[in-house]
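User: Could you take a close look at one strand of this protein for me? I would like to know how it is placed and what it pairs with.

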Amino acid sequence: MEKWWENAVVYQVYPASYQDSNNDGIGDLPGITERLDYIKKLGADIVWLSPIYKSPQVDNGYDIADYQAINPDFGTMADFDALLAKAHDLGLKIMMDIVVNHTSDQHQWFKEALKGKDNPYRDYYIWKDGKNGSAPNNWGSFFTGPAWEKDDQSDQYYLHLFAKEQPDLNWENPKLRHSVYDMMNWWADKGVDGFRMDVINYISKPEGLPDAKKNPDDLYANPEPMVANGHRIHEFLQEMNQNVMSKHDVVTVGEAPSVTTDEAKKYANLNNQELNMVFQFEHMCLDGNDNPALGRWADKKASLKDLRANLSKWQEALAGKAWNSLYWNNHDQPRVVSRFGDDSTEEYRVLSAKMLATMLHMQQGTPYVFEGEEIGMTNAYFDKLDDYVDLDSINSYHQIVDQQKLVDGKTMMKYIAKHSRDNARTPMQWDSSKNAGFSDHQTWEKMNPRYHDINVKQALDDKNSVFYYYQKLIKLRHELPVITNGTYALVDGNDQDEQVYAYTRKNADTTLLVILNYTKENVQRHYDVPANAKVLISNYSDDQGDNIRPYEAKVYQF
Ligand code: TEU
Ligand code: CA
């Protein structure tokens, strides 16, 4: 049976960057509430709020100090209740971002844990004795440096896969697990409609926390293969499902770096015993550096062959068994039009943004749109390190350039301009007035200088804008069942095409043929299109048959 979220579209809001209502330079809950009508106009069904909880903001709210309090910069619990009420009035659902692989070091649980080995909260975190006077194992943090921090008072180390201010929670401890379920039930009882779960596939750590494999060029070993999809992960998620999800009508999506299709079939199985869907990362890794020590820090564009092979693999593997999430963007990724598209001219920006939207929104799964994507916002391309705020970009610069000397500063700045998480986090561009109508105050993160031309007001005034194209794609998903339930297939012989991606979606009564030019070249391709076919949506105003223009996207229906 079809679930309500299977033909829904999610819109992600990054609270600090959406709308500042009190002019302190930081977006807030009343600001989001003001803009819900805009999200409704786009046609989205669910609003995913990145973390809004009390937090010292070492990692922009992904370091939570109190799961049941609102960060004062974002407002109060009354502001949240007003947001939820207005969303529900408009028929929008609210999805909370739950970060339970770790907390902030300012969380009460951690403050208690620091008091000593026999404190009842000690075991909420992962503690270990050192090995020969240094860290318990060779793991590195994802934000550079070691994954262990020493507590001098007890002479033990605690694990932090991310910043040292983000200690990992100990999921082996049933008390911790039930504290998490209680907290989730508290939000669900309040009326929220779903949960996005941060790095949820990292919560089960290997027994004994052994060393990981280390590349000679690296300062520390990458713990990801050891912590992703750990041995108890499915047991924990099934327990969470029984304690939380089975009791409420909520939608869940788990962030799951390095998840495989086989694992995804367990997490997001249609039997609904764990999560409803996961965010996989394979298509986000197709443009990484050839030197593995540099990871995602690179300056290249994914080939169509790789991208198509990957998207097709996920479409085919999960069909009829599990449910896909579909996304190009989130608060950790560069802007899609700058990454897989072309922001070099205004014409190409608009065409390629629409082409990429078509590629994704015609696939099977639940699409996610990240704030600003719907108006074709581009990377910010800041060129000074001082303009970046994200700890990951800054730490990576110092590690790669100063410590490891893998590339020079100029090259690294080029990579950061391409891949920094700040590209997603510059404030929303509402109009061409000061700070894009986001705030009158100096903004917490610099504005993208392109806001003068790329903004919501401009998009709403132009009937050919990226905005109206997204609006149409979302409407089509709501109206045409084949987009939700049709089977996916590549057009015969398309798998080697370097320029055009062509696939079909088919159910008992409808076929869609999706044709996408990934390049700025004019190309000739012949596809058999029945005489009764009509163009359902396209980013050009006319159809030239076999002549496929730069970044052209067209969908035939028959
Ligand atoms: O991100 C985790 C993540 O996406 C990964 O990139 C992770 O760094 C990777 O697996 C390392 O290989 C989530 C949030 O989306 C992000 O904003 C947070 O900073 C992070 O978790 C920590 O909470
Ligand atoms: Ca504010």
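Analyst: Happy to! Domain bounds here come from an automatic or database domain assignment. This is a predicted model, and its protein chain is divided into domain 1 (4-101 + 257-470), domain 2 (108-159) and domain 3 (484-557). Between the C-alpha centres of domain 1 and domain 2 there are 32 Å.

Let us turn to strand E5, which spans residues 93-98. E5 is mostly covered, with 6 of its 6 residues buried; a residue counts as buried if 20 or more other C-beta atoms lie within 10 Å of its own. Lys-93, Met-95 and Asp-97 point one way from the strand, while Ile-94, Met-96 and Ile-98 point the other way. Both sets are buried, the charged-looking names Lys-93 and Asp-97 included.

Now for the neighbours of E5. Strand E2 (residues 46-49) runs parallel to E5 and is joined to it by 4 bridges. In this pairing, Ile-46 stands opposite Lys-93. Strand E9 (residues 194-197) also runs parallel to E5, again with 4 bridges between the two. Here Ile-98 of E5 has Met-197 of E9 as its bridge partner.

For the wider setting, an unreviewed UniProt entry carries the annotation "domain: Glycosyl hydrolase family 13 catalytic" over residues 12-425. Over residues 12-425, the chain is 32% helix and 12% strand, and the C-alpha atoms at the two ends are 12 Å apart.

Key. Residues are numbered from 1 along each chain as its sequence is written. Chains are lettered from A and ligands numbered from 1 in the order in which they are written. This is a predicted model: local features need pLDDT of at least 70, side-chain atom pairs count only at pLDDT 80 or more; totals for chains, interfaces and linings use all residues. A residue is buried if 20 or more other C-beta atoms lie within 10 Å of its own, exposed if 12 or fewer, and partly exposed in between; C-beta atoms are placed from the backbone. Two strands pair if DSSP finds at least two bridges between them. UniProt positions are given in the numbering used here, feature names are shortened, and annotations may be inferred rather than shown by experiment.
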